[in-house]
Amino acid sequence: MEKITDYKYALDESSIVAITDQKGIIKYVNDNFCNISKYTAEELIGQDHRIINSGYHPKEFIKQLWTTIANGQVWKGELKNKAKDGTVYWVDTTIVPFLDADKKPYQYVAIRSDITDRKKGEEDLKKTLKEISDYKYALDESAIVAITDQKGIITHVNDNFCNISKYTAKELIGKDHRIINSGHHSKEFIKELWTTIANGKVWKGELKNKAKDGSVYWVDTTIVPFLNTDKKPYQYVAIRSDITERKKGEEQIKKNNEKSIEHAHILELKNAQLVDFCNIVSHNLRAPLINISMLVDYIEQSEDEDERKEVLVKIKPVVNHLMDVFNELVESIQVKQDTEIKADQIMLEDCLEKVLRGFETQIEEYEADIQLDFHSAPIIHFPQKYIESILTNLISNALKYKSPDRKPVITIKTKKEANDLVVLSVSDNGLGINLVLHKDHIFKIRKTFHKHPDAKGFGLFMTKTQVEAMNGKIWAESQPEKGSTFFIEFKNQHI
Amino acid sequence: MNRIKTLILVDDDGIFVFLTRKAIEQTKIVELVEVFENGLDALNFLKENKINIGVLPEIILLDLSMPIMDGWQFLEEYTKLNPTMGKKITIYICSSSISPDDIARAKTISEVTDYLIKPIMKDKLIDLIQQLG
């Protein structure tokens, strides 16, 4: 008997104990019960046990509890109860029915322990877990997600990743992440990415990736390293969004800009040509016209027959000169208007052979040394008649303005350069041109720089016109008494 | 009638030189007409004679478009030379160019008295020379 009293004491001390009759009317509560429910024993005894019902559990749950204990069986479970002040608490509950001789319960002993803290922890955890799974859901729905291990082996991809990369999850998992590498980015760029995330830092940037079918797509990418307790990344989560359309737009804008700049440049060139043309009309056509008009005036006013005759013979050469300038202008305008002229494939060696044949006599007479070097670019694309005319003019100049002190050495070579450019150069060791004085004029019509009977000032003008008609460039380097080099840059030489 | 001693024509245009010389000779107000075919020849002459006041001209009629050294280049060099010249020389540009750019450019050069557009009438020539006297 003493032992039972000891047990009861131990139970009262350790647990929350209540006894109800078979109808659920409270007959006994211990101090622990009063403490947790915040009722006094007086307030509880004689009351229905439902006084501490929180209303949290469904009817079926409570019904099952009562069925169990009414059938004389022990019920175990977790209950949420309500204290007097309305706060709730969780108790781990064991209800033991005490049976009479007919095996009918005549009272129920409920032994409880407070698990409110544990329950709260569980609830918080559940809430957090739910939140996390909501986040994951939101992320999976909205973004392209992949997870790799620390070596870059894919361990997880979501549907969006599969859709954009055109691989199935099966094809991706276990593969190196480089499977979608487009090769667009530089080694340095990729290295910087890996260094960042391997150091546990978040990397953000725009990546061009390649899908299974070879098409490429742009993704705005954030890679978050997940760190272990040693702060070492054990996996990387890559979250991406598709920015292909935006990138396409950007590329288009860039292309359009480049085109605009090119058009503006061509327009500028055309404008400069127009200004040149106006100057030519103003200087070179007006001058002989004035001469004719002055000569005619003079003849009209003169009363001396001999003088009239003397002046009259001067008209013809001026008319011839006017005719020459006029024909040259027409020729240059034809080049400018002939924008549709097709580029031919020119074997420079053959072309030079043909051009040099026209200079055979002079080359022999001057003992000129002609050196050719086309190994860097043996072929150019340019209209045949233009290149022949250009080379003829440049070689003719090199021979015409040779130094009286030395035999002419003329070097003609080509050099292949970046951006599909080829530069052709013609160098001589002749008289040279003082570029400090004549820089602005060397390619202008009717400009001459040496006293030579055949100097007309048309060759370089025409050469420049032909080069620029094909959007090329021409320039010169020269030193008096040393020689000159003319450079021509040919565009769009896809070789 | 005022008379001057020397007039220099710097012009490669044979016809213009021929007719201008004739016109001036008819007026008999210029003792000597010197001709240079380009700026460099004229410049060298002036350099060689910069203190030789007797052969320096009172007036230069300068063309713009010439080979070897054109009128602008001549003016650039002459501007450097001017402070050491033994005599004040009046320079007129005589050009067939009607380009407003050329005319505006000429205005910026203080050594140039005026810009004359060819053709130049005999009366105008006489006027210029009279103004000097």
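A crossover is right-handed if, with the strands pointing away from the viewer, the path from the first strand over the helix to the second runs clockwise. In this predicted model, chain B holds such a unit. Strand 1, helix 1 and strand 2 of chain B make a right-handed β-α-β unit. Its helix, helix 1 of chain B, covers residues 14–27.

The two strands of the unit also pair with each other. Strand 1 of chain B (residues 4–10) and strand 2 of chain B (residues 30–36) run parallel and share six bridges. Within this pair, B:Leu9 stands opposite B:Val35 of strand 2. Strand 1 of chain B has a further parallel partner, strand 3 of chain B (residues 59–62). Four bridges join strand 1 and strand 3 of chain B. Here B:Val10 stands opposite B:Leu62 of strand 3.

Chain A shows an antiparallel arrangement. Five strands of chain A form an open sheet in the order 7-6-10-9-8. The pairing in this sheet is antiparallel. Its edges are strand 7 (154–157) and strand 8 (203–210) of chain A, each of which pairs on one side only. From one strand to the next, the twist averages 30 degrees. At one edge of the sheet, strand 8 of chain A pairs with strand 9 of chain A (residues 216–227). This antiparallel pair spans eight bridges. One of the matched positions is A:Lys204, whose bridge partner in strand 9 of chain A is A:Thr222. In general, strands of a sheet pair through backbone hydrogen bonds, either parallel or antiparallel.

The two chains touch. The contact takes 16 residues from chain B and 17 residues from chain A. On the side of chain B, helix 1 gives the largest share, with four residues. Helix 1 of chain B is thus named twice: in the β-α-β unit and in the contact with chain A. By class, the side of chain B that touches chain A has nine nonpolar, five polar and two charged residues.

B:Ser99 offers a local view of chain B and its partner. This residue is found in the loop between strand 4 (90–95) and helix 4 (100–107) of chain B. B:Ser99 is partly exposed, because 17 other C-beta atoms lie within 10 Å, and the partly exposed class falls between 12 or fewer (exposed) and 20 or more (buried). Beyond its neighbours within four places in sequence, B:Ser99 is in contact with A:Asn279 and A:Ser282. B:Ser99 and B:Ile117 are 18 residues apart in sequence, and their C-alpha atoms are 10.0 Å apart in space.

Conventions: Residues numbered from 1 in each chain as written. Chains lettered and ligands numbered in written order. Predicted model: local features only at pLDDT ≥ 70, side-chain atom pairs only at ≥ 80, totals over all residues. Pairing = 2+ DSSP bridges. Axes fitted to C-alpha atoms, helices over the stretch in contact; angles between N-to-C directions. Contact = placed C-beta atoms within 7 Å. Nonpolar A, V, L, I, M, F, W, Y, C, P; charged D, E, K, R; others polar.
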